[in-house]
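Got your viewer open and a selection tool at hand? Then come along for a short tour, stop by stop.

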Amino acid sequence: MEKITDGFIAQAHTVIAKATNLIIISHKNPDGDALGSGLALLHFFKSLNKQVTFIVPNQLPVNLLWMPGIDETLVFEENKEKGKAIVALAELIVMVDFNHHSRLSELGNYVISHNAPKILIDHHPEPEPIADLIYSRVSSSSTSEMIFEFIEKVYGPKKITREIADCLFVGIMTDTGSFSYNSSEPQTYEVVSK
């Protein structure tokens with residue numbers, strides 16, 4: 001699916017509205033886009049009064065420890081028991097910036113087998129069918145760009161706060177090498193300008 005569809009928007013809105021306890025998951029060795037898209041959603045879901053945890057499989061990159069919300073991120077390999085307990089309570093799992101469960105390492109064993117509804121938002125090719133709702137756009141510069149579109153289309157542009165924008169900007173900047181690659185689509189610049 002290239003463009004976000006009305007069907008995806010409606011279904012995503014419904015499952016998010018029903019869930020009180022959510023988790024956001026991104027890939028092992030998280031980069032700027034993994035953290036940018038995950039942290040943006042953390043702030044966004046908190047603004048909807050959701051109980052939300054952002055979980056990454058392993059260590060956070062030192063150069064991105066300044067990002068807003070990074071101190072709330074759970075590193076699974078450093079606290080597996082807490083991580084497993086949080087995953088077990090999830091009513092919705094939102095997965096960002098990966099296309100295959102193998103990119104979750106051990107965390108994937110608990111996430112993929114969980115029966116909670118799952119949403120996958122990612123820009124890598126050929127996403128594995130590991131979610132109930134999948135928004136995949138290979139032409140996108142980054143998952144962060146797609147998260148911007150998702151929030152704007154589902155909830156409106158006013159939901160993009162300064163914290164969310166900072167996180168999304170990091171994701172777009174890092175996945176485009178400061179606009180030196182992955183940045184040939186006009187939409188990337190339109191998102192950044194907003």
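## Where two helices meet

Start by selecting Ser144, Glu145, Ile147, Phe148 and Ile151 in H5, then add Ile164, Cys167, Leu168, Gly171 and Ile172 in H6: these two sets touch each other. Contact here means heavy atoms within 4.5 Å. By class, this H5–H6 contact has seven nonpolar, two polar and one charged residues. For that count, Ala, Val, Leu, Ile, Met, Phe, Trp, Tyr, Cys and Pro are nonpolar, Asp, Glu, Lys and Arg are charged, and the others, Gly among them, are polar.

A word on what you're looking at: this is a predicted model, in which local features need pLDDT of at least 70 and side-chain atom pairs count only at pLDDT 80 or more, while totals for chains, interfaces and linings use all residues. Residues are numbered from 1 along each chain as its sequence is written, and side-chain values use heavy atoms, with hydrogens and water left out.

Now show both helices whole. H5 covers residues 143-155 and H6 residues 162-175, and they pack at an angle of about 145 degrees with their axes 8 Å apart. The axes are lines fitted to C-alpha atoms, for helices over the stretch in contact, and angles run from 0 to 180 degrees between N-to-C directions. Helices (H or I, at least four residues) and strands (E, at least two) are DSSP runs, numbered from the N terminus.

## Charged pairs

How many salt bridges does a search of the whole structure find? The search finds seven, each one a side-chain nitrogen of Lys or Arg within 4 Å of a carboxyl oxygen of Asp or Glu.

Select Arg137 and Glu145 to see one of them, at 3.2 Å from N to O. Both Arg137 and Glu145 are buried. Buried means under 20% relative accessible area, exposed over 50%, and partly exposed in between (1.4 Å probe, protein chains only).

Next, pick Glu152 and Lys194, whose closest N and O atoms are 3.3 Å apart in a salt bridge. Glu152 sits in helix H5 and Lys194 in the segment after helix H7 (186-193), so this pair ties together parts 42 residues apart in sequence. Lys194 counts as exposed, at 65% relative accessibility.

Over in H6, Arg162 and Asp166 form another salt bridge, with 3.0 Å between the closest N and O atoms. Because they are four residues apart in helix H6, about one helical turn separates them. Arg162 is exposed at 65% relative accessibility, whereas Asp166 is partly exposed at 27%. Add Glu149 to your selection too: shared salt-bridge partners join Arg137, Glu145 and Glu149 into one network.

## A helix with two sides

Move to helix H3 (residues 80-89). Which of its residues are buried? Gly83, Ile86 and Val87 are. They cover an arc of only 100 degrees around the axis, which puts them on the same side of H3; the arc is that of the directions from the helix axis to the C-beta atoms. Among the parts covering them are strand S1 (21-25), S2, S3 and helix H4 (107-112). Turn to the other side of H3 and you'll find Glu81, Ala88 and Leu89 exposed.

## Last stop: a loop

Finally, select Pro57, in the loop between strand S2 (51-56) and strand S3 (74-75). Is Pro57 buried or exposed? At 5% relative accessibility, Pro57 counts as buried. Beyond its neighbours within four places in sequence, its contacts include Ser26, His27, Phe76 and Arg103. The C-alpha atoms of Pro57 and Arg103 are 8.7 Å apart, though 46 residues separate the two along the chain.
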